[in-house]
Amino acid sequence: MEIRAAADADLAGINDVYNHYVRTHQATFDLEPIALDARRTWASHYTATGRHRLLVAVDGTTVLGYATSSVFRDRPAYDRTVETSVYIAPDACGRGVGTALYDALFTALTDEDIHRAVALIAVPNPPSIALHERFGFTKVGQITEAGWKLDRWWDITWWEKPLN
(Lines give C-alpha, C1' and ligand atoms only; values in the text may rest on other atoms or scores of the structure.)
Protein backbone atom coordinates (compact mmCIF):
# COMPACT_ATOMS: atom_id res chain seq x y z
CA MET A 1 0.00 0.00 0.00
CA GLU A 2 1.24 3.46 -0.90
CA ILE A 3 -0.10 6.67 0.65
CA ARG A 4 0.44 9.91 -1.23
CA ALA A 5 -1.19 13.11 -2.37
CA ALA A 6 -4.10 12.25 -4.66
CA ALA A 7 -3.71 12.78 -8.39
CA ASP A 8 -6.29 13.29 -11.11
CA ALA A 9 -5.95 9.62 -12.06
CA ASP A 10 -7.20 8.67 -8.56
CA LEU A 11 -10.44 10.61 -8.73
CA ALA A 12 -12.56 7.88 -10.33
CA GLY A 13 -11.49 5.44 -7.60
CA ILE A 14 -12.05 8.04 -4.89
CA ASN A 15 -15.49 8.68 -6.33
CA ASP A 16 -16.30 4.95 -6.38
CA VAL A 17 -15.35 4.65 -2.70
CA TYR A 18 -17.44 7.69 -1.72
CA ASN A 19 -20.45 6.70 -3.81
CA HIS A 20 -20.51 3.29 -2.14
CA TYR A 21 -21.22 5.10 1.15
CA VAL A 22 -23.75 7.40 -0.51
CA ARG A 23 -25.75 4.34 -1.54
CA THR A 24 -25.30 2.12 1.51
CA HIS A 25 -24.30 3.93 4.69
CA GLN A 26 -24.97 6.92 6.92
CA ALA A 27 -21.28 7.94 6.83
CA THR A 28 -22.27 10.67 4.40
CA PHE A 29 -25.59 12.45 4.22
CA ASP A 30 -25.37 12.80 0.45
CA LEU A 31 -28.36 10.97 -1.01
CA GLU A 32 -27.38 10.78 -4.68
CA PRO A 33 -24.07 9.53 -6.11
CA ILE A 34 -21.59 12.24 -7.06
CA ALA A 35 -20.68 12.63 -10.75
CA LEU A 36 -17.01 12.47 -11.68
CA ASP A 37 -17.01 16.07 -12.95
CA ALA A 38 -18.30 17.24 -9.57
CA ARG A 39 -15.57 15.16 -7.89
CA ARG A 40 -12.95 16.96 -10.00
CA THR A 41 -14.29 20.33 -8.87
CA TRP A 42 -14.27 19.12 -5.25
CA ALA A 43 -10.66 17.91 -5.56
CA SER A 44 -9.47 21.23 -6.99
CA HIS A 45 -9.75 22.77 -3.51
CA TYR A 46 -6.98 20.58 -2.12
CA THR A 47 -3.25 21.21 -2.38
CA ALA A 48 -0.13 19.08 -1.99
CA THR A 49 1.03 21.37 0.83
CA GLY A 50 -0.86 23.57 3.24
CA ARG A 51 -3.84 23.03 5.49
CA HIS A 52 -6.19 21.39 3.01
CA ARG A 53 -4.95 18.00 1.85
CA LEU A 54 -6.32 15.05 -0.06
CA LEU A 55 -4.36 11.85 0.53
CA VAL A 56 -5.04 8.54 -1.13
CA ALA A 57 -4.09 4.97 -0.23
CA VAL A 58 -3.49 2.84 -3.31
CA ASP A 59 -2.44 -0.68 -4.12
CA GLY A 60 -1.06 -0.29 -7.63
CA THR A 61 -3.80 1.70 -9.32
CA THR A 62 -6.59 0.52 -7.00
CA VAL A 63 -7.83 3.15 -4.55
CA LEU A 64 -8.16 1.62 -1.09
CA GLY A 65 -9.31 4.82 0.58
CA TYR A 66 -8.67 8.51 1.07
CA ALA A 67 -8.44 11.12 3.81
CA THR A 68 -8.97 14.86 3.73
CA SER A 69 -8.39 17.96 5.79
CA SER A 70 -10.93 20.47 4.52
CA VAL A 71 -12.13 23.98 5.12
CA PHE A 72 -14.24 23.86 8.29
CA ARG A 73 -16.28 26.97 7.55
CA ASP A 74 -15.75 29.70 4.97
CA ARG A 75 -15.34 32.61 7.42
CA PRO A 76 -11.78 33.84 8.06
CA ALA A 77 -11.83 33.27 11.83
CA TYR A 78 -12.14 29.52 11.16
CA ASP A 79 -9.01 29.35 8.96
CA ARG A 80 -6.93 27.54 11.58
CA THR A 81 -9.54 24.79 12.06
CA VAL A 82 -9.85 21.91 9.57
CA GLU A 83 -12.50 19.24 9.21
CA THR A 84 -11.05 15.79 8.63
CA SER A 85 -12.61 12.72 7.09
CA VAL A 86 -11.57 9.30 5.89
CA TYR A 87 -13.35 6.84 3.60
CA ILE A 88 -12.20 3.27 3.00
CA ALA A 89 -13.17 0.96 0.12
CA PRO A 90 -15.48 -1.73 1.49
CA ASP A 91 -13.08 -4.57 0.61
CA ALA A 92 -10.19 -2.74 2.33
CA CYS A 93 -11.94 -2.21 5.69
CA GLY A 94 -10.22 -3.79 8.67
CA ARG A 95 -6.80 -3.79 7.00
CA GLY A 96 -5.37 -0.68 8.69
CA VAL A 97 -5.96 1.62 5.73
CA GLY A 98 -7.81 4.26 7.77
CA THR A 99 -5.11 4.25 10.44
CA ALA A 100 -2.36 4.60 7.82
CA LEU A 101 -4.21 7.43 6.06
CA TYR A 102 -4.87 9.39 9.25
CA ASP A 103 -1.28 8.85 10.40
CA ALA A 104 -0.01 10.26 7.09
CA LEU A 105 -2.52 13.12 7.14
CA PHE A 106 -1.69 14.28 10.66
CA THR A 107 2.04 13.90 9.99
CA ALA A 108 1.65 16.07 6.87
CA LEU A 109 -0.21 18.71 8.89
CA THR A 110 2.38 18.87 11.69
CA ASP A 111 4.09 22.02 10.40
CA GLU A 112 0.91 23.77 9.29
CA ASP A 113 -0.65 26.63 11.24
CA ILE A 114 -3.66 24.62 12.40
CA HIS A 115 -5.11 24.89 15.88
CA ARG A 116 -7.91 22.33 15.80
CA ALA A 117 -9.15 19.39 13.74
CA VAL A 118 -12.83 18.50 13.90
CA ALA A 119 -14.72 15.49 12.60
CA LEU A 120 -18.39 14.68 12.23
CA ILE A 121 -19.55 11.08 12.70
CA ALA A 122 -23.08 9.86 12.04
CA VAL A 123 -23.82 7.26 14.70
CA PRO A 124 -23.74 4.42 15.29
CA ASN A 125 -20.39 3.91 13.58
CA PRO A 126 -18.05 2.02 15.96
CA PRO A 127 -15.12 1.71 13.50
CA SER A 128 -15.05 5.46 12.83
CA ILE A 129 -15.35 6.29 16.53
CA ALA A 130 -12.49 3.89 17.34
CA LEU A 131 -10.31 5.43 14.63
CA HIS A 132 -10.91 8.98 15.84
CA GLU A 133 -10.31 8.06 19.47
CA ARG A 134 -7.06 6.31 18.44
CA PHE A 135 -5.89 9.64 16.99
CA GLY A 136 -6.75 11.66 20.08
CA PHE A 137 -10.15 13.05 19.10
CA THR A 138 -12.68 13.55 21.87
CA LYS A 139 -16.43 13.74 21.49
CA VAL A 140 -17.66 17.26 22.18
CA GLY A 141 -21.30 17.10 21.16
CA GLN A 142 -24.22 15.31 19.59
CA ILE A 143 -27.20 16.44 17.53
CA THR A 144 -30.11 14.02 17.55
CA GLU A 145 -31.98 13.10 14.41
CA ALA A 146 -29.93 15.48 12.29
CA GLY A 147 -30.31 13.61 8.99
CA TRP A 148 -32.84 11.35 7.27
CA LYS A 149 -31.29 8.61 5.15
CA LEU A 150 -31.94 4.93 4.44
CA ASP A 151 -35.47 5.26 5.85
CA ARG A 152 -34.48 6.47 9.31
CA TRP A 153 -33.18 9.38 11.33
CA TRP A 154 -29.46 9.51 12.24
CA ASP A 155 -27.71 11.36 15.04
CA ILE A 156 -24.41 13.09 14.41
CA THR A 157 -21.55 13.48 16.85
CA TRP A 158 -18.89 16.18 16.81
CA TRP A 159 -15.28 15.31 17.63
CA GLU A 160 -12.22 17.51 18.03
CA LYS A 161 -8.47 17.16 18.30
CA PRO A 162 -5.97 19.90 19.22
CA LEU A 163 -3.17 20.36 16.69
CA ASN A 164 0.15 22.21 16.70
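The exercises below concern helix α1 of a predicted model and its surroundings. Local features need pLDDT of at least 70, side-chain atom pairs count only at pLDDT 80 or more, and totals for chains, interfaces and linings use all residues. Residues are numbered from 1 along each chain as its sequence is written, and side-chain values use heavy atoms, with hydrogens and water left out.

**Exercise 1.** Determine the span of helix α1, where helices are DSSP runs of H or I with at least four residues, numbered from the N terminus.

Solution. Helix α1 covers residues 11-24, which is 14 residues. The expected span is 1.5 Å times one less than the number of residues, here 20 Å, and α1 reaches 20 Å from its first C-alpha to its last, close to that expectation.

**Exercise 2.** Which residues of α1 are buried (under 20% relative accessible area, 1.4 Å probe, protein chains only)?

Solution. The buried residues are L11, I14, N15, V17, Y18, N19, Y21 and V22. By contrast, D16, which lies in α1, is exposed (over 50%), with a relative accessible area of 54%.

**Exercise 3.** Describe the packing of α1 against α2, taking contact as heavy atoms within 4.5 Å and axes as lines fitted to C-alpha atoms over the stretch in contact, with angles from 0 to 180 degrees between N-to-C directions.

Solution. The axes of α1 and α2 come within 10 Å and cross at roughly 105 degrees, so α1 is roughly perpendicular to α2 (65 to 115 degrees). The contact is made by L11, A12, I14, N15 and Y18 of α1 together with L36, R39, R40, W42 and A43 of α2.

Conventions:
Helices (H or I, at least four residues) and strands (E, at least two) are DSSP runs, numbered from the N terminus. Angles under 35 degrees count as roughly parallel, over 145 as roughly antiparallel, 65 to 115 as roughly perpendicular and the rest as oblique. Contact means heavy atoms within 4.5 Å.
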